[in-house]
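Here is a short tour of a helical chain's model, written to be read alongside the coordinates. Please take a look at the structure, and then let us walk through it together.

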Amino acid sequence: MSTQKSRISDEEVNGLISKLQSLLPESRRRNLSRASSASKLLKETCSYIKSLHREVDDLSGRLSHLTSTLDPDGPQAEIIRSILGS
């Protein structure tokens, strides 16, 4: 029995690139021309993901600070718990 690696077609690659590009916000898509390389798109996507991580870390820190200053049984704490679904 021979093992054969499945290859992805150019059409499938182009479809995946289009889907990936559609996930980027408009401001980041403006930096990419229609003729952009897949490499440039992947770099921009990685940059965007890193910026999202920084934003999540910042928001997490701010939320942690906020919750540490609240009365755990107070109405503000209850609002935050309801928003977070916990």
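Which residues of H3 are buried? They are Leu41, Glu44, Thr45 and Ser51. Before following them up, please keep in mind that this is a predicted model.

**The overall picture**

The chain has 4 helices and 0 strands, and its elements run α-α-α-α from the N terminus on. Of the 86 residues in the chain, 13% are buried. Among contacts with a separation of 6 or more, 11% are between residues 24 or more positions apart. The chain exposes about 7500 Å², and carbon and sulfur atoms supply 54% of that area.

**Helix H3 and its buried residues**

Helix H3 takes in residues 38–69. Its 32 residues should span 46 Å at 1.5 Å a residue, and the end C-alpha atoms of H3 are 47 Å apart, so the two values agree.

What covers the buried residues of H3? The cover includes helix H1 (10–23) and helix H2 (26–29). Glutamate 44, which lies in H3, is a good residue to click on. Its relative accessible area is 16%, and glutamate 44 counts as buried because the cut-off is under 20%. Leaving aside its neighbours within four places in sequence, glutamate 44 is in contact with Leu24, Arg28, Asn31 and Leu32.

**Two salt bridges**

How many salt bridges does the structure hold? There are 2, and the table sets out both.

| Pair | Closest N to O | Helix | Separation |
|---|---|---|---|
| Arginine 62 and aspartate 58 | 3.5 Å | H3 (residues 38–69) | 4 residues |
| Arginine 81 and glutamate 78 | 3.1 Å | H4 (residues 75–84) | 3 residues |

In H3, arginine 62 and aspartate 58 are about one turn of the helix apart. The partners arginine 81 and glutamate 78 in H4 are likewise separated by about one turn. Why does such a spacing suit a pair of side chains that point the same way? An α-helix has 3.6 residues a turn, so residues three or four places apart point the same way.

How open to the surface are these partners? Arginine 62 counts as exposed, at 54% relative accessibility, while aspartate 58 is partly exposed at 42%. In the H4 pair, arginine 81 is partly exposed with a relative accessible area of 30%, and glutamate 78 is partly exposed at 44%.

**A nonpolar patch on the surface**

H3 and H4 come up again in a nonpolar surface patch of about 470 Å², made by Leu63, Leu66, Ile79, Ile83 and Leu84. H3 and H4 are the elements that give two or more residues to this patch. Which element gives the most to the nonpolar patch? That is H4, with 3 residues.

Leucine 66 is one of the patch members and lies in helix H3. Its relative accessibility is 39%, so leucine 66 counts as partly exposed.

**Bringing it together**

Helix H3 therefore offers several things to look at in one element: glutamate 44 is buried, with a relative accessible area of 16%, arginine 62 is exposed at 54%, and leucine 66 is partly exposed at 39%. Helix H4, for its part, holds the salt-bridge partners arginine 81 and glutamate 78 and gives 3 residues to the nonpolar patch.

Methods: Residues numbered from 1 in each chain as written. Predicted model: local features only at pLDDT ≥ 70, side-chain atom pairs only at ≥ 80, totals over all residues. Heavy atoms only, no water. Buried < 20%, exposed > 50% of the residue type's maximum accessible area, 1.4 Å probe, protein only. Contact = heavy atoms within 4.5 Å. Areas by Shrake-Rupley, 256 points an atom, 1.4 Å probe, with all protein chains shown as cover. Salt bridge = Lys/Arg side-chain N within 4 Å of Asp/Glu carboxyl O. Patch = residues over 30% accessible without salt bridge, like charges linked within 9 Å, V, L, I, M, F, W, Y side chains within 5 Å. Expected span 1.5 Å × (residues − 1).
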